[in-house]
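Let's take a walk through this protein together. Keep the picture in view and follow along from one piece to the next.

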Amino acid sequence: MAKRTAVILAVMFSWILLELCGPAFATTPTGTTVTFFGNNQVQFAPVPADLGDLDHSYAYTWGINYELPQNTYVDFASITFTQINNWQNEPNVLYVNLLDSAMYGVSSAYDGQASGNFFGSTAGAQLLTQYVDNDASAFENFTYTFNAGQLTALNAALADANFGIGFDPDCHYYNQGIKMDISTKVVPEPIGSLLFVIGTGVFGAAAARRRKTAR
Ligand SMILES: [Ca+2]
Ligand SMILES: [Ca+2]
Ligand SMILES: [Ca+2]
């Protein structure tokens, strides 16, 4: 009986502690692998690459530090899950969010398997997509491509060279790795300065013609 009481007290104490502190992200995040392809493509991968197979009891933040080369912007971004699979046939959602900022590397917070998007009320977070898989018998590859509005938000988040992706699995999502690909473009010259250059050329040519006829 005493043992049972002790267990109940321990559970109650843990619950009170969690209620008081709220879910907190670990303070010892791992890392991010960065690979460059050519001069305008970059691939990021979390460490560990499979985010611990996306345990349903946790929500994960993946913080990425990246400084955009001067006068460039991100014109394409996608997140790819390799060989991902729901642990069993249940309507489980994997929420994928863009975070304005996140601690570098992978951190996780215990959410007690709660349903709904853990990042729903996080300031500066926006839902990118929800992944659902109702066939636990097959693993699949899934790539999500950012839409125009999400690219704008990503570029804004990159202004301080740090952004994050937040994952909240409702249930275990086994996978063989996650990666994010971006490509960048050079910001086009403002139309005004282009017209100025053209204008200068036209006036220059006219002046040269005038000088020629004056001789
Ligand atoms: Ca969760
Ligand atoms: Ca599947
Ligand atoms: Ca940021």
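Start with Val 96, whose bridge partner in strand S9 is Phe 167. That pair belongs to a bigger arrangement: strand S5 (residues 93-99) and strand S9 (residues 162-169) run antiparallel and are joined by six bridges. Bear in mind as you look that this is a predicted model, not an experimental one.

Now zoom out a little. S5 and S9 sit in an open sheet of five strands, which pair in the antiparallel sense and come in the order S6-S3-S9-S5-S7. So what happens at the edges? Strand S6 (105-110) and strand S7 (125-132) stand there, and each has a single partner strand, so one side of each is left without a neighbour in the sheet. Neighbouring strands here are also turned against each other, by 20° on average if you ignore direction. As for what holds such an arrangement together, strands of a sheet pair through backbone hydrogen bonds, either parallel or antiparallel.

There's a helix to find here too. H2 (residues 148-157) lies across S5, S7 and S9, and it runs at about 50° to S5.

Next, look for Gly 63, which is found in strand S3 (residues 58-65). Is Gly 63 buried or exposed? It counts as buried, because it has 22 C-beta neighbours inside 10 Å, and the cut-off for that is 20 or more. Gly 63 also shows how the fold brings distant parts of the chain together: Asn 162 is 99 residues away in sequence, yet the two C-alpha atoms are 7.1 Å apart in space.

Let's move on to another set of strands. Strand S1 (residues 31-37) and strand S2 (residues 41-47) pair in the antiparallel sense, over seven bridges. They form a hairpin with three residues between the strands, and in this hairpin Gly 38 takes a positive phi near 60°. S2 pairs with strand S11 (residues 178-186) as well, again in the antiparallel sense, this time over four bridges. Val 42 is a handy residue to follow here: it is the bridge partner of Phe 36, and it also stands opposite Ile 182 in S11.

Finally, how far can you trust what you see? The protein chain averages a pLDDT of 85, and 75% of the residues score at least 70. Residues 13-22 are another story: pLDDT stays under 50 there, and the model has zero contacts for them beyond four places in sequence. Where pLDDT is low, the predicted coordinates should not be read in detail.

Technical notes:
Residues numbered from 1 in each chain as written. Chains lettered and ligands numbered in written order. Predicted model: local features only at pLDDT ≥ 70, side-chain atom pairs only at ≥ 80, totals over all residues. Pairing = 2+ DSSP bridges. Helix = DSSP H or I, 4+ residues; strand = E, 2+ residues; numbered from the N terminus. Axes fitted to C-alpha atoms, helices over the stretch in contact; angles between N-to-C directions. Contact = placed C-beta atoms within 7 Å. Buried ≥ 20, exposed ≤ 12 C-beta atoms within 10 Å, placed from the backbone. pLDDT = per-residue confidence, 0-100.
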